Amino acid sequence: MGSDTVTDQKAAKSEQTRTLILETALRLFQERGYDKTTMRAIAKEAGVSVGNAYYYFESKEHLVQGFYDRIGAAHQAAIRPILERETDLQKRLAGVLTTWLDIAAPYHEFAAQFFKNAADPASPLSPFSAESEPARKQAIDMHREVLAGAKTKVPAELADVLPELMWLSQMGLVLYWVFDRSENSEKTRKLAERGAQLTTRGIVLARFRVLRPLVRELHELFADFLPGMAQVAVGRKKASDPDAGPEEGPEVG
């Protein structure tokens, strides 16, 4: 047996163990609640040592980060037919938002427990944390694709900020969904449809040059005062200009 084969087998086994730990954690979160589920309980239920559990996930919060990654991957796959079929901006955006609600629906009952931690800016579960950067970037890029494939054209000077504002809008929808107790989250679904409609109207209006500064000012407002948005902006700038140095943002007391 060649060394490459052995390496591949080890990698496959490692991924299986990681997946087992994650799936076990999600099941226990649903059965016992997030706060009452410990890493030791997860390891015991998964049939691995506590040290092994910590090897794959540094903490319970990082386990939830793995859950975020899984939701993101499932969402990306589910929206692909919509983005390949639709060119209407409102339908593209509404499809992205409602599909996320479909993917996340099985985890609605314990989502509020996650939010208590995600609301802490220092938590790895915060959508603005360093740990959330891959999921955040993936979501912003998805909104960039929503815009790029639509027949409604976006002014070039707003192409960099609109996807981030759309992502922030999606975060607001997620927050509403967390506390929505209507059947099948119907209120959130209606909000997603209305939000897609209003966003589309706003983007159409932004084609008028006189209104474009308002869009940029709104983005700057979030970048200056919302925790983590400054890092998002800096990350975007570095991606477009690798030689760009760090920027100092205003201090907020």
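**Exercise 1. Find the residues that Leu125 touches, leaving out those up to four places away in sequence.**

Solution. Step 1: take contact to be heavy atoms within 4.5 Å. Step 2: list the partners of Leu125, which are Tyr34, Glu61, Val64, Gln65, Tyr68, Phe114, Asn117, Ala118 and Ser132.

Before going on, note that this is a predicted model, where local features need pLDDT of at least 70, side-chain atom pairs count only at pLDDT 80 or more, and totals for chains, interfaces and linings use all residues. Residues are numbered from 1 along each chain as its sequence is written, and side-chain values use heavy atoms, with hydrogens and water left out.

**Exercise 2. Decide whether Leu125 and Val210 are buried or exposed.**

Solution. Step 1: recall the cut-offs, with a 1.4 Å probe and protein chains only: buried is under 20% relative accessible area, exposed is over 50%, and partly exposed lies in between. Step 2: Leu125 has a relative accessible area of 1%, so Leu125 is buried. Step 3: Val210 reaches 67% relative accessibility and therefore counts as exposed.

**Exercise 3. Place both residues among the helices.**

Solution. Step 1: helices are DSSP runs (H or I, at least four residues), and strands are E runs of at least two, numbered from the N terminus. Step 2: Leu125 sits in the loop between helix H6 (111-118) and helix H7 (133-148). Step 3: Val210 belongs to the loop between helix H9 (186-205) and helix H10 (212-225). Step 4: for the whole protein, count 11 helices and zero strands.

**Exercise 4. Work out how far Leu125 is from His62, in sequence and in space.**

Solution. Step 1: along the sequence, 63 residues separate Leu125 and His62. Step 2: in space, C-alpha to C-alpha, the two are 7.7 Å apart.

**Exercise 5. Describe how H7 and helix H8 (residues 162-179) cross.**

Solution. Step 1: axes are lines fitted to C-alpha atoms, for helices over the stretch in contact, with angles from 0 to 180 degrees between N-to-C directions. Step 2: the axes of H7 and H8 come within 8 Å and cross at roughly 115°. Step 3: the residues making this contact include Ala139 and His143 of H7, and Met166 and Trp167 of H8.

**Exercise 6. Now do the same for helix H5 (residues 89-104) and H8.**

Solution. Step 1: these axes come within 12 Å and cross at roughly 35°. Step 2: on the H5 side, Leu93, Leu97, Trp100, Leu101 and Ala104 take part, meeting Met166, Gln170, Leu173, Val174 and Trp177 in H8. Well done!
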